[in-house]
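Reader: I am new to this structure and should like to understand how its descriptions are justified. May I put some questions about the terms applied to it?

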Amino acid sequence: MTKRPTALYAMSPVHLPLLFPTPVRRRITALVDIDADLAVDRFDDPRAADRLRDLEVLITGWGCPPLDDAFLAAAPRLRAVLHAAGSIKPHVTDGVWERGITVCSAAEANATPVAEYTTAMVLLAGKGVFALHDRYHAARTFTVAQIAPSVGNFGRRVGIVGASRTGRQVIRLLRRHDLRLCLYDPYATVSGVPNVPLEELLANSDIVSLHAPATPETHHLLDRRRLALLRDGAVLINTARGVLVDTPALVDELTTGRISAVLDVTDPEPLPADSPLFDLPNVFLTPHVAGSHGNELARMGSHIADELERLLTGRPLRYQVRQHELLRAA
């Protein structure tokens, strides 16, 4: 790679200043030859054409087109793709790996707000906040004596499905509290947290939080049979992917009032306007807000600027992505 390599931002232009505020772009401009105000979401954009021939570093984000054979042929000197977003799967093609191009991602940074959201929801659910909120608003009066003795987080059993980036961060945050944690993951373990069969986790947890990737083997991981294993009064939290859960089966379980759910992701997404999930009193529904939004996007850009410095100074990357890892990644 040359001393000051040619680089390009490839993403939706609206995301450029959000992911890379001016101070971060200044850091990047000091390291590479890049137009600090140009982001393209098409590689046939005339403003990008002149740079592709000498391009060595591509900084990508939401809105970047796939790095297909035509792009790779037009960018013969490309050496690194730094992705300032979550999943790299929609962008990186087999040709990228065949060329030996270095790839890294800000997925770890994107996991942080999801873990924060999830931790908050676990603690609120354990406290019975969602049901108490509705009862208080309906009655307009309330006494402490009306709070069920089962409410509270001391000793609450929480099952984590998936030791993903987010799953591990959730475990780290929840360890600060007096909870009993268990994990289901067939490929990874977390020190000090029992890794148990999925059926055991579902049957014995007060709160179940999903953090597995969407892969063919996890499609409808929680099907009708497994949802029925959830104990009465259990809360299911999904901030991962909607397809992990069989939605009709979940609606049927929720309609009985036997369990509750906190859903930031659904299948389909967005839900149809007539979905029962909007009206069920035991469902807390949010529109995929757990991931990076607003000022949280700048965290991802900062991670990529750090990775760029490591790349150009020959230090090991912290968030490099390997091809084999994508098989079980989000």
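Author: A suitable place to begin is I207, which touches V122, A125, G126, R156, R157, V158, G159, V235 and I237, not counting residues up to four places away in sequence. Please bear in mind that this is a predicted model.

Reader: Why is I207 called buried?

Author: The term buried requires a relative accessible area under 20%. I207 has a relative accessible area of 1%, and therefore I207 counts as buried. This residue is found in strand β8.

Reader: How far apart are I207 and V235 in sequence, and how far apart in space?

Author: They are 28 residues apart in sequence, and their C-alpha atoms are 4.7 Å apart in space. V235 is also one of the residues that I207 touches.

Reader: What makes L210 a buried residue?

Author: The cut-off is again under 20%. The relative accessible area of L210 is 1%, so L210 is buried. L210 is found in strand β8. Leaving aside neighbours within four places in sequence, the contacts of L210 include V161, L222, L236, I237 and N238. Among its other contacts are T239, A240, L244 and V245. P21, by contrast, is 189 residues away from L210 along the chain, and the two C-alpha atoms are separated by 32 Å.

Reader: How do you know that β6 and β8 pair, and in which sense do they run?

Author: Two strands pair if at least two bridges are found between them. Four bridges join β6 to β8 (residues 207-210), so the condition is met, and the strands run parallel. The bridge partner of V161 in β8 is L210.

Reader: What makes β6 largely enclosed by the rest of the structure?

Author: Strand β6 covers residues 156-161, and five of its six residues are buried, so the description follows. β6 also pairs with strand β7 (residues 179-184) in the parallel sense, over six bridges. Within that pairing, V158 stands opposite L181.

Reader: What is the handedness of the crossover from β6 to β7?

Author: The chain passes from β6 through helix α8 (residues 165-174) to β7, and this β-α-β crossover is right-handed. The term applies because, with the strands pointing away from the viewer, the path from the first strand over the helix to the second runs clockwise.

Reader: Why are β2 and β5 called edge strands?

Author: They belong to an open sheet of five strands in the order β2-β1-β3-β4-β5, with parallel pairing. β2 (39-40) and β5 (102-105) each pair on one side only, and they are the edge strands. For β5, four bridges join it to strand β4 (residues 80-83). L82 has C104 as its bridge partner in β5.

Reader: Which residues of helix α11 are buried, and what covers them?

Author: In α11 (residues 247-255), the buried residues are T247, A249, L250, V251, E253 and L254. Their covering includes α10 (224-227), β9 (235-238), β10 (260-263) and β11 (283-285). Just after the helix, G257 takes a positive phi of about 80°.

Reader: Why is the space lined by T247 and L250 called a cavity and not a pocket?

Author: A cavity is a set of points where a 1.4 Å probe fits but cannot get out, whereas a pocket is open. The structure holds one cavity of 30 Å³ or more, and about 60 Å³ of space lies in the largest cavity. Besides T247 and L250, its lining includes N238, G242, V245 and D267. By class, this lining has five nonpolar, four polar and one charged residues.

Reader: How large is the second largest pocket, and what lines it?

Author: About 770 Å³ of space lies in that pocket. Its lining has 31 residues, of which A125, G128, A131, V235 and S260 lie nearest its centre. Helix α7 gives the most to this lining, with six residues. The lining divides into 15 nonpolar, eight polar and eight charged residues.

Reader: What can be said of the protein chain as a whole?

Author: Its secondary structure comes to twelve helices and eleven strands. Buried residues make up 50% of its 330 residues. Along its principal axes, the C-alpha trace spans about 70 × 40 × 40 Å.

Conventions. Residues numbered from 1 in each chain as written. Predicted model: local features only at pLDDT ≥ 70, side-chain atom pairs only at ≥ 80, totals over all residues. Heavy atoms only, no water. Buried < 20%, exposed > 50% of the residue type's maximum accessible area, 1.4 Å probe, protein only. Helix = DSSP H or I, 4+ residues; strand = E, 2+ residues; numbered from the N terminus. Contact = heavy atoms within 4.5 Å. 1 Å grid on protein atoms, 1.4 Å probe; cavity = no way out; pocket = protein on both sides within 12 Å on 5 of 7 lines; lining within 4 Å. Points joined across faces, edges and corners; volume = space filled by probe spheres on them. Nonpolar A, V, L, I, M, F, W, Y, C, P; charged D, E, K, R; others polar.
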